[in-house]
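Student: I would like a close look at a single part of this model. Please take one spot and work outward from there.

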Amino acid sequence: MFAKENEYIEKKSKFYGFLITEATEEKIKEGLELLRKEYKKATHICYAYSISSPFSEKAVDDGEPSGTAGRPILSVIQKTKSKDVCVFIVRYFGGIKLGAGGLVRAYTKVASALLN
């Protein structure tokens with residue numbers, strides 16, 4: 001289901017990135033359900049997508065501080081001019097707070113690796 005996957009570790013927090021290409025709202029729902037089953041103990045499953053027809057964009061922080069996860073992911077999607085994609089990032093908290101800036105950098109890094 002996922003076109004590409006990657007992993008990133010920052011101060012003991014683990015970030016697992018997943019990319020869906022040719023994304024539709026149905027594929028996105030299926031992908032989210034699959035990740036929630038597979039990564040039951042994950043602290044957060046954040047994501048963003050951009051669909052061209054009908055045009056729709058969404059960013060979800062899933063409990064991370066507002067604007068520190070979904071929005072940076074969506075920003076990478078927009079900057080790379082990617083269409084019909086969804087980026088999911090699963091996070092396991094490692095016990096060390098990253099702060100807002102650290103979260104934005106980590107989510108941006110994982111999303112960029114998936115889309116470049």
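**The hairpin and what surrounds it**

Tutor: Start at the hairpin of β1 and β2, where two residues lie between the strands and Lys 11 takes a positive phi near 45 degrees. Keep in mind that this is a predicted model. The two strands of the hairpin run antiparallel and are joined over seven bridges. Within this pairing, Tyr 8 stands opposite Phe 15 in β2.

Now follow β2. Seven of its nine residues are buried, so the strand is mostly covered by the count under the 20% relative-area cut-off. β2 also pairs with β5, again in the antiparallel sense, over eight bridges. Here Gly 17 has Ile 89 in β5 as its bridge partner. β5 pairs in turn with β3, antiparallel over seven bridges. In that pairing, Tyr 47 has Phe 88 in β5 as its bridge partner. Seven of the eight residues of β5 are buried, so the strand is largely enclosed by the rest of the structure.

Go back to Phe 15. Leaving out residues up to four places away in sequence, Phe 15 touches Asn 6, Glu 7, Tyr 8 and Glu 10. Its contacts also include Ile 89, Val 90 and Arg 91. Leu 98, Ala 106, Tyr 107 and Val 110 are on the list as well.

Phe 15 belongs to the largest nonpolar core, which has 21 residues. It is among those with the most contacts inside this core, along with Ile 73, Ile 77, Val 87, Ile 89, Tyr 107 and Leu 115. Five elements are worth naming here: β2 (13–21), β3 (44–52), α2 (70–79), β5 and α3 (99–115) each give two or more residues to the core. α3 supplies the largest share, seven residues. A second, separate core has 18 residues, including Phe 2, Phe 18, Leu 32 and Phe 88.

Next, the rings. The whole structure holds nine aromatic pairs. In one of them, Phe 2 and Phe 88 have ring centres 6.3 Å apart and planes at 85 degrees, so the pair is edge-to-face. The cut-offs behind that call are centres within 6.5 Å and planes over 60 degrees apart. This pair links distant parts of the chain: Phe 2 lies in the segment before β1 (4–10), Phe 88 in strand β5 (residues 85–92), and they are 86 residues apart. Both Phe 2 and Phe 88 are buried. The two also belong to one aromatic cluster, with Tyr 16, Phe 18, Tyr 39, Tyr 47 and Tyr 92.

Finally, step back to the whole chain. It has three helices and five strands. From the N terminus on, the order is β-β-α-β-β-α-β-α. The radius of gyration is 13 Å, close to the 13 Å that the globule rule gives for 116 residues, so the chain is as compact as a globular protein of that length. Its C-alpha atoms fill a box of roughly 40 × 30 × 25 Å along the principal axes. Buried residues make up 46% of the 116 residues. Of the contacts with a separation of 6 or more, 67% come from residues 24 or more positions apart. The chain exposes about 6300 Å², and carbon and sulfur atoms supply 50% of that area.

Terms used:
Residues numbered from 1 in each chain as written. Predicted model: local features only at pLDDT ≥ 70, side-chain atom pairs only at ≥ 80, totals over all residues. Heavy atoms only, no water. Phe/Tyr/Trp six-rings, centres within 6.5 Å; stacked < 30°, edge-to-face > 60°. Helix = DSSP H or I, 4+ residues; strand = E, 2+ residues; numbered from the N terminus. Buried < 20%, exposed > 50% of the residue type's maximum accessible area, 1.4 Å probe, protein only. Core = buried A, V, L, I, M, F, W, Y, C linked by side-chain atoms within 4.5 Å. Contact = heavy atoms within 4.5 Å. Pairing = 2+ DSSP bridges. Rg over C-alpha atoms; globule rule 2.2 N^0.38 Å. Areas by Shrake-Rupley, 256 points an atom, 1.4 Å probe, with all protein chains shown as cover.
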